[in-house]
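Reader: I am new to this structure and would like a close look at a single part of it. Could you take me slowly through the way its helices pack, and through whatever helps me to place them?

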Amino acid sequence: MAHSRRLRALITNDDGIDSPGLHALADGARAAGFEVVVAAPHVDASGVGGSVLSIRDGNRTRVHRRELAGLPGVPAYAVEGHPAFIVHSAGRGWLDPEPDVVLSGINLGANLGHAVLHSGTVNAVLAGLMHGWRGLAVSLDLADPAPENPHWHTVLHLLPEVLDVLLAAPDPAALSLNVPNLPIAEVGELREAGLSTFGTVQVRVDHRSGEHGEVLHSESARMSTPLEPGKDAALLAAGHPTLTELVGVTDRPGVLDRVTPSRRAG
């Protein structure tokens, strides 16, 4: 990925423009030598997955310029739309020049297992694949509610090494980094990890009736089943930052070869 100019990074997230994790990631990307532009949802958009929904007035979606504390001179926009919408907009003529990479996060909480399907943070970098961009989703393993002083510095300590991995990857590529919320001295070595079957949190949904009518009531709880050895959730729980390369939507040939021609004929 040879360039005679600085690489441009689009910094986004799903926790919203005011998230301290977003500001920390923008600062880390700038320290790593990237030209940085920040564009994130104007409100919390956690759990929106790959949605390209925006608040529209006809063909218009509002964008609000922002000044981010500690990031003087960095262009920043609060967008009335979801993370994947922001990334697609950047590739459809909004940003000129276009970004070279998408950096998404730092998410307030880990994104693990096949549950990354639901993450707006992760799907922002998967959306970037459609435009030929490398991307990195970054998440810090925080409890809910988040502690008062998360270890952002631990993520930023790891960021240069992981960015080197990203830039050495085939173009395009999407990586997901999960970091334990621990001081730098207590964190294990960076490990490549496969996706767990689920994540570490299980949601139970009950159908209830009451004075407010019919509702779906959801409750989240930590998984009580043993963690899968060598997978992202287990390695993170053991204190290791984990790195996973994700593959976007693709096709698998041979769907009609799984039945006999006579059955296909009806």
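Author: Helices here are DSSP runs of H or I with at least four residues, and strands are runs of E with at least two, both numbered from the N terminus. The model is a predicted one, and its protein chain holds six helices and 13 strands. Pro172, to begin with one place in the chain, lies in the loop that runs between helix H4 (152–168) and strand S9 (174–180). Asp171 and Pro172 are joined by a cis peptide bond, with omega at about 0°. In general, most peptide bonds are trans. A cis bond is also found from Asp96 to Pro97, where omega is near 5°, and Pro97 has its place in the loop between H2 and strand S7 (101–108).

From the loop that follows H4 we can turn to the packing of H4 itself, whose axis is 10 Å from that of H1, the two helices meeting at an angle of about 30°. Because angles under 35 degrees count as roughly parallel, H1 is roughly parallel to H4. The crossing in which H1 passes H4 is right-handed. On the side of H1, the residues that make this contact are Pro20, Gly21, Ala24, Leu25, Gly28 and Ala29, while H4 brings Trp152, Leu156 and Leu159. Sorted by class, the contact of H1 with H4 has seven nonpolar and two polar residues, and no charged ones.

Helix H1 (residues 20–31) also contains His23. A polar atom of the His23 side chain lies 2.9 Å from the backbone oxygen of Ile17. When residues up to four places away in sequence are not counted, His23 touches Ile17, Asp18, Leu68 and Leu71.

A second pair of helices can be read in the same way. The axes of helix H2 (residues 83–90) and helix H3 (residues 120–129) come within 8 Å and cross at roughly 20°, and H2 and H3 are therefore roughly parallel to each other. Here, too, the handedness can be stated, since H2 passes H3 in a right-handed crossing. Pro83, Ala84, Val87 and His88 of H2 make the contact with Gly120, Asn123, Ala124, Ala127 and Gly128 of H3. By class, the contact of H2 with H3 comprises five nonpolar residues and four polar ones, with no charged residue.

To set these helices within the whole, the C-alpha atoms of the protein chain fill a box of roughly 60 × 50 × 45 Å along the principal axes. A compact globule of 266 residues would have a radius of gyration near 18 Å, and the 20 Å of the protein chain agrees with that.

Note on methods. Residues numbered from 1 in each chain as written. Predicted model: local features only at pLDDT ≥ 70, side-chain atom pairs only at ≥ 80, totals over all residues. Heavy atoms only, no water. Axes fitted to C-alpha atoms, helices over the stretch in contact; angles between N-to-C directions. Parallel < 35°, antiparallel > 145°, perpendicular 65-115°, else oblique. Left-handed = near helix turned anticlockwise from the far one by under 90°. Contact = heavy atoms within 4.5 Å. Nonpolar A, V, L, I, M, F, W, Y, C, P; charged D, E, K, R; others polar. Polar contact = N/O pair within 3.5 Å; in protein donor to acceptor, adjacent residues only side chain to side chain. Rg over C-alpha atoms; globule rule 2.2 N^0.38 Å.
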